[in-house]
Amino acid sequence: MTSNLPTSDAGWRTILSPMQFKVLREKATEPPGYSEKTAGELEYQLKKEHGTKYPSDGVYTCAACNVPLYTATSKFDSGCGWPAFYEGVPGAIKEIADADGRRVEIVCKNCGSHLGHVFRNEGFSTPTNERHCVNGICLKYDPATAK
């Protein structure tokens, strides 16, 4: 667990970009393809530095608190326009049912930042039959860290 996290919006604004704040703290959604098509963003950088959006090693950490959330091996191509994973690091992600009951929000268990939503039973051939649809701006890639 990361200590010394901000306790106010003003504090979060000092460590997050305006777009990160909007998504991570205000639960906005980045446009589909934003992570892949925008210079400096997660999937754009992965393709530039590693030649693929799907490196085989490393972890994806929370952009707000740096806690590992997903392993590189759990990322898959869902075709949805956002990074997709079939499971999170055990104990790292909290699920919260949306008020309307139609979706399940996923947040970083450590800092409470919004990540996206989890969908089940969509027919993807993954070990869990889940799709964690995550805003790319919520994640950082760490190639050196393995689960």
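What volume does the largest pocket have? In this predicted model, the largest pocket has a volume of about 170 Å³. To see where this pocket lies, one may begin with the chain as a whole and then return to the residues that line it.

The chain contains 4 helices and 9 strands. Read along the sequence, these elements follow the pattern α-α-α-α-β-β-β-β-β-β-β-β-β. The C-alpha trace of the chain spans about 40 × 40 × 30 Å along its principal axes. The radius of gyration offers a check on the overall form: a compact globule of 147 residues would have a value near 15 Å, and the chain, with 14 Å, therefore agrees with that expectation.

The strands may be considered next, sheet by sheet. An open sheet of 6 strands has the order β3-β4-β8-β7-β6-β5, and its pairing is antiparallel. At its edges stand β3 (75–76) and β5 (93–97), each of which pairs on one side only. The edge strand β3 is joined to β4 (residues 84–85) over 2 bridges in the antiparallel sense. Within this pair of strands, Lys-75 has Phe-85 in β4 as its bridge partner.

An open sheet of 3 strands has the order β2-β1-β9, again with a pairing that is antiparallel. Why does one side of β2 and of β9 lack a neighbour in the sheet? Both β2 (68–71) and β9 stand at the edges and have a single partner strand each, so one side of each is left without a neighbour. On average, neighbouring strands of this sheet are turned by 30° against each other, direction ignored. Strand β1 (residues 59–62) pairs with β9 over 4 bridges in the antiparallel sense. One residue to locate here is Tyr-60, whose bridge partner in β9 is Tyr-141. Helix α4 lies across β1 and β9, and runs at about 20° to β9.

This arrangement leads back to the pocket. The residues that line the largest pocket are Gln-20, Gly-40, Glu-41, Leu-42, Gln-45, Leu-46, Glu-49, His-50, Gly-136, Ile-137, Leu-139 and Tyr-141. The elements that give two or more residues to this lining are α4 (42–50) and β9 (139–142). The largest share, 5 residues, comes from α4. Tyr-141 thus belongs to two parts of the account: this residue lines the largest pocket, and it is also the bridge partner of Tyr-60. By class, the lining has 5 nonpolar, 5 polar and 2 charged residues.

Which elements, then, should the reader follow when tracing the pocket in the model? Helix α4 and strand β9 each give two or more residues to the lining, and α4 lies across both β9 and its neighbour β1.

Definitions and conventions: Residues are numbered from 1 along each chain as its sequence is written. This is a predicted model: local features need pLDDT of at least 70, side-chain atom pairs count only at pLDDT 80 or more; totals for chains, interfaces and linings use all residues. Side-chain values use heavy atoms; hydrogens and water are left out. On a 1 Å grid over the protein atoms alone, a cavity is a set of points where a 1.4 Å probe fits but cannot get out, and a pocket is an open set with protein on both sides within 12 Å along at least five of seven lines; lining residues have an atom within 4 Å of a point. Grid points are joined across faces, edges and corners, and a volume is the space filled by probe spheres set on the points. Ala, Val, Leu, Ile, Met, Phe, Trp, Tyr, Cys and Pro count as nonpolar, Asp, Glu, Lys and Arg as charged, and the others, Gly among them, as polar. Two strands pair if DSSP finds at least two bridges between them. Axes are lines fitted to C-alpha atoms, for helices over the stretch in contact, and angles run from 0 to 180 degrees between N-to-C directions. Contact means heavy atoms within 4.5 Å. The radius of gyration is taken over C-alpha atoms; the globule rule is 2.2 Å times the number of residues to the power 0.38.
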